[in-house]
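Here is a brief report on one protein model. It goes site by site, with the structure shown first.

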Amino acid sequence: MTRPPARRRRIVIYVWLIAALLGLNYWGAHRATEVRRVRVPYSPFFLRQVERGNVAEIASRGTTIQGRFRHATAANASRPATLFSTEIPTFANTNELAGLLQAKGVEVNAQPLDTGLPLWKSLLYGFGPTILFLLLLFTLVRRSGPQGILGALGRSGARRYRHGGAGVTFADVAGIDDAKLELDEVADFLRSPEKYRQLGGRIPRGVLLSGPPGTGKTLLARAVAGEAGVPFFSMSASEFVQAIVGVGASRVRDLFKQARDAAPAIVFIDELDAIGRARGAGASLGGGSDEREQTLNQILTEMDGFDSTVDVIVLAATNRPDVLDKALLRAGRFDRRVVVQPPDARGRRMILDVHARSVPLADDVDLERVAAKTPGMVGAELANLVNEAALLAARRDRSSVTAVDLDDALERLVLGAERKIVLSEQDRRTIAYHEAGHALVGMLTPGADPLRIVSIIPRGSALGITFSSPDADRLNYSRQHLDALIRITLGGRAAETVALGEITTGAEADIVQVTRLARHMVGRWGMSDKVGLLAVIGNGDAPTDGDEFALSTRELVDSEVKRLVEEANAEVIALLRSERQRLDALATALLERETLDELDAYSAAGLPRRDRAAV
Ligand code: ADP
Ligand code: ZN
């Protein structure tokens, strides 16, 4: 969630690069002048070498002499070397030395000999890093434009989508017709603003799109721009919030300036809640809240600053409209709210149609069926499903996507990818009975969601899985449905008890789920007569408010929860005992085939598939 924006990462990389280059620069410059010389005593060693004619050349600066021997020579215990240096004592007779040098034909240079490296090398070492550094600086400046490097930090980085180019229109958005209808008006205004102004209508400044992730909010905003044929500037609010205070605000300024210059235009701010949280609410992280506030204020200022002649409409998206600062929702700001809901079965069908347009489908594919099997999925997931199926089909060398590919893709999306672990035969047997228990109880219990798949292939953290989902979207749960859910969840452990006579830890997640469900039924949903219509337990979001109840009431909740679960468990065990043959058959089929779909599972258990219409 808190991943650093790409821009910040890039800046960090630049800083490291610069530091590394500076280091290299220093080292290189050092290397260029540092040549390994041995220090030798002036007298008698140096004088003797001169006399022997072993000194080829010298240079002196002050009292320091640097020179080169003709043959590598060792002074004292040091290793033989050709390059040496020595110090002339102040009392030495330099005239005498000069004469000696001349006599022995020693070359005396005016320059120090200390460029032991060839010229090009010392130039490279000395200046190479500096040149690289300058080049880097240059590209940085060039990329960030005339405002320079610091300016680049504050520029919005708003990605601009030109109409035509991205080409998203309302035809690409499906299944969220209500939202589309409301935004059509916005598109129409941008197309012909005069029409609206003539009648003195006030045009919305800001429209807030709220809805769960992946429902198509961004898509919708782009489609509005595409329909109206205006440029689209988009920015994610989490990118505004930078480490450096004040940068966010200047980015906002820049974003709106770009949009005003290109008007009519659309500004889209994604994840508005990242900066638009109610002030003082939520966990503010040190200086971050300061920055957030400045950025938020800048957005408000920009929106207030529009006069009625500026045709810029701000669309923003959030999945937490409840946490937004009230100031954002005031008139003249985001005073229009459009709720983008997850699609129903019909909507999912239409979204699948949109994404299947570019994919060749085999004749056996029935998108209606796929839509029916995917309750709760949003547009992004459906798009992903089609894509995943296309990839699978390609890997299987097919020329079109078949129903099997779609089913497998759905399985992988819903259940997670398979995990390769080796299980002992005994473990497999336990898992097979456990899952068969869940599945069989589901088949035999009225009010249960239809079984979709049962499998003993480990995926994610689960060793096996029994997956059922409703035919239609559920907005409300009946008592009968909840009772069925509790039974199905208990079915796994019950089957282990009935068939194997022993129980394992494999039912941990089931027990957690059953407890949660039963507590809600008793303590929040008024489904126990003894407790009555009291919300004794919290709902997880709000801190538990059970404190205000007497201890005896809370004890009553606990005992009712326990009774509910224990009664259900006894019934499930009795059911599986009487249906033992079906349980064995289903477990055997699972051990053989590992994964069974609805039809296979029903026939393995020897049951007729339930009439769908009755669900
Ligand atoms: P959000 O902004 O609500 O999180 P996005 O607009 O980013 O969701 O959706 C991501 C992708 O999912 C889109 O680019 C599109 O391919 C697909 N998608 C989502 N909703 C729809 C929809 N209603 N119709 C068609 N495609 C959709
Ligand atoms: Zn289980």
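## Two backbone outliers

Asp397 is exposed, with 70% relative accessible area. This is a predicted model, and every value below is computed from it. Asp397 sits in the loop between α15 (379-395) and α16. Its phi is positive, about 55°, although Asp397 is not a glycine.

Glu271 also has a positive phi, about 50°, and is not a glycine. Glu271 belongs to the loop between β9 (265-270) and α11 (273-276). Its relative accessibility is 33%, so Glu271 counts as partly exposed.

## The zinc site

Which protein atoms are the donors of the zinc ion (ligand 2)? They are His434 (NE2), His438 (NE2) and, listed twice, Asp510 (OD). The donors lie 2.1 to 2.8 Å from the zinc ion. In sequence, the donor residues follow the spacing H-x3-H-x71-D. The site links distant parts of the chain: His438 is in helix α17 (residues 425-444), while Asp510 is in helix α19 (residues 508-523), 72 residues apart.

Why is the arrangement around the zinc ion (ligand 2) irregular? The four donor atoms subtend angles of 51 to 141°. A tetrahedral label needs all angles between 85 and 135 degrees, so this range rules it out. As for burial, both His438 and Asp510 are buried.

## Helix α16 and the loop before it

Asp405 is part of helix α16 (residues 403-415). Its relative accessibility is 0%, so Asp405 counts as buried. The side chain of Asp405 makes a polar contact with the side chain of Arg398, at 2.8 Å.

Asp408 forms a salt bridge with Arg396. The closest N and O atoms are 2.8 Å apart. Asp408 lies in helix α16 and Arg396 in the loop between α15 and α16, so the pair ties together parts that are twelve residues apart in sequence. Asp408 is partly exposed, because its relative accessibility is 25%. Arg396 is partly exposed as well, at 34%.

## A bridge between helices

Side chains of opposite charge can pair when their charged atoms come close. The salt bridge count here comes to 29. One of them joins Asp407 and Arg369, with the closest N and O atoms 3.6 Å apart. Asp407 is in helix α16 and Arg369 in helix α14 (residues 367-372), so this pair ties together parts that are 38 residues apart in sequence.

Buried or exposed, or in between: where do the two partners fall? Asp407 is partly exposed, at 27% relative accessibility. Arg369 is partly exposed, with a relative accessible area of 39%.

## A bridge within helix α17, and a network

Glu425 and Arg428 form a salt bridge, their closest N and O atoms being 3.6 Å apart. The two residues are three apart in helix α17, so about one helical turn separates them. Glu425 is exposed, with a relative accessible area of 52%. Arg428 is buried, with a relative accessible area of 19%.

Which residues are joined into one network by salt bridges that share partners? They are Arg396, Arg398, Asp405 and Asp408.

## Thr515 in helix α19

Thr515 lies in helix α19. Helix α19 also holds the zinc donor residue Asp510. The side chain of Thr515 reaches the backbone oxygen of Ile511 at 2.6 Å. Thr515 counts as partly exposed, because its relative accessibility is 34%.

How many residues separate Thr515 and Lys562 in sequence? The separation is 47 residues. In space, the two are 8.6 Å apart, C-alpha to C-alpha.

## A nonpolar surface patch

A nonpolar patch on the surface is formed by Leu119, Leu123, Phe127, Ile131, Leu132 and Leu135. Together these residues have about 610 Å² of accessible area.

Leu123 is found in helix α4 (residues 119-144). Its relative accessibility is 39%, so Leu123 counts as partly exposed. Patch residues need over 30% relative accessible area, and the value of Leu123 is 39%.

Definitions and conventions
Residues are numbered from 1 along each chain as its sequence is written. Chains are lettered from A and ligands numbered from 1 in the order in which they are written. This is a predicted model: local features need pLDDT of at least 70, side-chain atom pairs count only at pLDDT 80 or more; totals for chains, interfaces and linings use all residues. Side-chain values use heavy atoms; hydrogens and water are left out. Patches are made of residues with over 30% relative accessible area and no salt bridge: like charges are joined within 9 Å, nonpolar side chains (Val, Leu, Ile, Met, Phe, Trp, Tyr) within 5 Å. Accessible areas come from the Shrake-Rupley method with a 1.4 Å probe; for residues, only the protein chains shown count as cover. A salt bridge is a side-chain nitrogen of Lys or Arg within 4 Å of a carboxyl oxygen of Asp or Glu. Helices (H or I, at least four residues) and strands (E, at least two) are DSSP runs, numbered from the N terminus. Buried means under 20% relative accessible area, exposed over 50%, partly exposed in between (1.4 Å probe, protein chains only). Donors are N, O and S atoms within 2.8 Å of the metal (3.2 Å for Na, K and Ca); water is not among the atoms, so sites may look incomplete. Four donors count as tetrahedral if all angles lie between 85 and 135 degrees; four count as square planar and six as octahedral if opposite donors are over 155 degrees apart and all others between 65 and 115; anything else is irregular. A polar contact is a pair of N or O atoms within 3.5 Å; within protein, one must be able to donate a hydrogen and the other to accept it, and residues adjacent in sequence count only if both atoms are side-chain atoms.
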